[in-house]
Amino acid sequence: MSQHKKPRIRKLRSMYIWHRYIGLSAAVLVLILATTGLMLNHTEKLQLDSHYVNNDWLLDQYGIHAPNNIRSYPLSDRWLSQWGERLFLGPIDIGESDEKLLGVLFYNDMLVMALKSEIWLLTPAGELIEKLGPNEGIPPAINAIGITKDGQVAVMAAHGIYIADQDLTTWQNTPAAITTWVDSEKLPAALRQRLLKKYRGHGLSLERIILDLHSGRIFGQYGIYVMDTAAVLMLFLATSGSWIWLIRQLRDRQRRRKQ
Amino acid sequence: MKKYTPLLSLLIFVSCIANTSAKGVYQSQAAFLNQAFAGDIPKVSLIWLTGDIRKTTTQILQHKPSRLRIRYWARATRSAWVLEEIGKERPITIGIVINEGRIEHLRVLAFRESRGDEVRHDFFTRQFSQAKLKPDLQLSNNIDGISGATLSVRALDKLARLALYLDQQRQSKN
C-alpha cells in the first residue's frame, strides 16, 4: 500500500502536474478573458457601443423595462410619444429630452412639439428644423400647446397664454385667446409593443455585455471572484511554466556534464 | 513638516488649477445683439438650409447640419449670426457680425467643452477680423491654431465660414 502511495504523493508534488490541471481548469475562463479583452481593445472599430442587444432574457437580467412615464399624443396619421427621455415619431427615434412632453400639432407643414421650456419644430419626417428656447422668446414653464380659433399656435405658460406669429419667431402674451389644447391619449397596443421592443433594445449595448463578461459581472456578484480566480490561476501558470522550464534546463545541463 | 508646507501649498494650487473647468457663458445672445446693433436690434429673419444651401453647409461643416432653419438679424449690409458647432463633444456657441461680406466681430458666447477654451480670448478671435469668404469656401485670413484646442479652433473656423456663406445667400436673396 505504502509502495503505491509514494508515487502518487510525488506526482502531487510535481509542479508539472499542477501546471497541467490548473491550465485545463482555467482554459475556459482564459478564453473568455482573452477574447473579450481583444474585443474591448478595438471597441471603436467593432462599433460595440453602437450595437444593441435585443435578447429578452438578457434585457430582463439587466432590469431594462419600459419606463413608467410614457406620454403619447396622436397626430392625424401617427403618434408622437415620449418614453423616459426618448422621443418617438411613430416608430422613428427623433431624439432625447429630459423635459416632459406636453403635446404636438401640425402647423404649416411642420410638427410643433412642446416641452416644458422648449418648442421643437420638425419636418413631417421627423427631421429637426429648429429648437426654440428662452433665447428665441419661448415663455417659461409651458404646460400645454394648442391652436387658437384663428389657427395660430398657442402655448399655456406660467404667465398666461402666448400666441406665435406665422413663422413661430415671436410670442405674444394674449390672455383672451380662445384655444383648443392638445390632450394626451393612450398609445395603440401594437405600436406600444413595437416601441417597447425598440426602447428596451436601445438600453443595452454590446459593449456593456462584453465589459461585464470580461469582469465576470454578467454571472452575478460571485462572477467577479470567478474572474479574479482566473487571473490568479494565470499568474500561477506563468510562474509554474517558467519554473518547469528552468528545472528542465538545469537537469539537462547536469545530464550533459555527467556524460 | 514646516519645510514641506510650501510644496504642499503648490500641489494644492496646481490641483485647483487643473480642476478648473473651461466651461462658461461669456455673453448672452441678447447682450451680443444689443452690442452689435447698439441697442436697436432688427427683427429676426430666417434662412432655410435646403437644396444647394444645405449641400454647401454640409460641405463647410463636414457633416449634415443639425437643424434646417437658422435665425439671423440684419440691417442693410450688416448681419449678426448666432451659431453652434460641436468642438469635441459639446456645442460651442459663437456670435458673428458681418458687414459688407467681411467679419466685423466674432465672439465666443458659450463654451461647454472641458478644455480648449483659449479660443474665447481676443488674441485668437481677432484673427477673424475682416476675413471674407474665398470662392473655395475658405477664409481669406490665415488663422493660427492653438495647441490643445485644435477641435475648438476648427469649430470656430467652420462657423465663421458658414456665417459668411449664409450672409452671401441672404444678400443674394435680397
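Which residues does A:Ser117 touch, not counting residues up to four places away in sequence? The first legend takes up that question, and the others move on through this predicted model.

**View 1. A:Ser117 and its surroundings in the loop between β6 and β7 of chain A.** The loop that holds A:Ser117 runs between β6 (110-115) and β7 (119-122). Leaving out residues up to four places away in sequence, A:Ser117 touches A:Glu99, A:Leu132, A:Gly133, A:Pro134 and A:Ile138. A relative accessibility of 25% makes A:Ser117 partly exposed. For a sense of scale, look along the chain to A:Met234, 117 residues away: the two C-alpha atoms are separated by 56 Å.

**View 2. The two domains of chain A.** The domain assignment gives domain 1 as 2-51 + 205-258, and domain 2 as 61-201. The C-alpha centres of these domains of chain A lie 56 Å apart.

**View 3. A:Met234 in helix α7 of chain A.** Helix α7 covers residues 223-258, A:Met234 among them. With sequence neighbours within four places set aside, A:Met234 is in contact with A:Val30 and A:Leu33. The C-alpha atom of A:Met234 is separated by 9.8 Å from that of A:Leu29, although 205 residues along the chain lie between the two positions. A:Met234 counts as partly exposed because its relative accessible area is 33%, and the class of partly exposed residues sits between under 20% and over 50%.

**View 4. A:Trp245, also in helix α7 of chain A.** Is this tryptophan, A:Trp245, buried or exposed? A:Trp245 is exposed, at 54% relative accessibility. A:Glu99 makes a useful second point for this view: its C-alpha atom and that of A:Trp245 are separated by 65 Å, with the residues 146 apart along the chain. A:Glu99 also appears in View 1, among the residues that A:Ser117 touches.

**View 5. Positive phi at A:Ala141 and at B:Leu137.** Most residues other than glycine have a negative phi. A:Ala141 has a phi near 55°, a positive value, and B:Leu137 has a positive one near 65°. A:Ala141 is found in the loop between β8 and β9 (144-148) of chain A. B:Leu137 lies in a loop of chain B, between α4 (122-125) and α5. How do they sit with respect to the surface? A:Ala141 is partly exposed at 34% relative accessibility, while B:Leu137 is buried, with a relative accessible area of 12%.

**View 6. Chain B as a whole.** Here we step back from single residues. Chain B has 5 helices and 6 strands, and along the sequence they follow the pattern α-β-α-β-α-β-β-β-β-α-α. Of its 174 residues, 44% count as buried. Among contacts in chain B between residues at least 6 apart in sequence, 58% join residues at least 24 apart. About 9600 Å² of chain B is exposed, and carbon and sulfur atoms supply 52% of that area.

**View 7. B:Thr57, a buried residue in helix α3 of chain B.** B:Thr57 has a place in helix α3, and its relative accessibility is 0%. Which residues does B:Thr57 touch, not counting residues up to four places away in sequence? They are B:Leu49, B:His63, B:Pro65, B:Leu162, B:Tyr165 and B:Leu166.

**View 8. B:Ser152, a buried residue in helix α5 of chain B.** B:Ser152 lies in helix α5. Its relative accessible area is 4%, so B:Ser152 counts as buried. Setting aside neighbours within four places in sequence, the residues in contact with B:Ser152 are B:Ile92, B:Phe111, B:Arg115, B:Gly116 and B:Val119.

**View 9. The largest pocket.** This pocket holds about 1100 Å³ of space. Its lining counts 37 residues, and those nearest its centre are B:Arg67, B:Glu84, B:Pro91, B:Thr93 and B:Arg112. Elements that give two or more residues to the lining include β8 (128-132) of chain A, and α3 (51-61) and α5 (150-173) of chain B. The largest share, 5 residues, comes from β4 of chain B. Sorted by class, the lining of the largest pocket has 17 nonpolar, 9 polar and 11 charged residues.

Note on methods:
Residues are numbered from 1 along each chain as its sequence is written. Chains are lettered from A and ligands numbered from 1 in the order in which they are written. This is a predicted model: local features need pLDDT of at least 70, side-chain atom pairs count only at pLDDT 80 or more; totals for chains, interfaces and linings use all residues. Side-chain values use heavy atoms; hydrogens and water are left out. Domain bounds come from an automatic or database domain assignment. On a 1 Å grid over the protein atoms alone, a cavity is a set of points where a 1.4 Å probe fits but cannot get out, and a pocket is an open set with protein on both sides within 12 Å along at least five of seven lines; lining residues have an atom within 4 Å of a point. Grid points are joined across faces, edges and corners, and a volume is the space filled by probe spheres set on the points. Helices (H or I, at least four residues) and strands (E, at least two) are DSSP runs, numbered from the N terminus. Ala, Val, Leu, Ile, Met, Phe, Trp, Tyr, Cys and Pro count as nonpolar, Asp, Glu, Lys and Arg as charged, and the others, Gly among them, as polar. Buried means under 20% relative accessible area, exposed over 50%, partly exposed in between (1.4 Å probe, protein chains only). Contact means heavy atoms within 4.5 Å. Accessible areas come from the Shrake-Rupley method with a 1.4 Å probe; for residues, only the protein chains shown count as cover.
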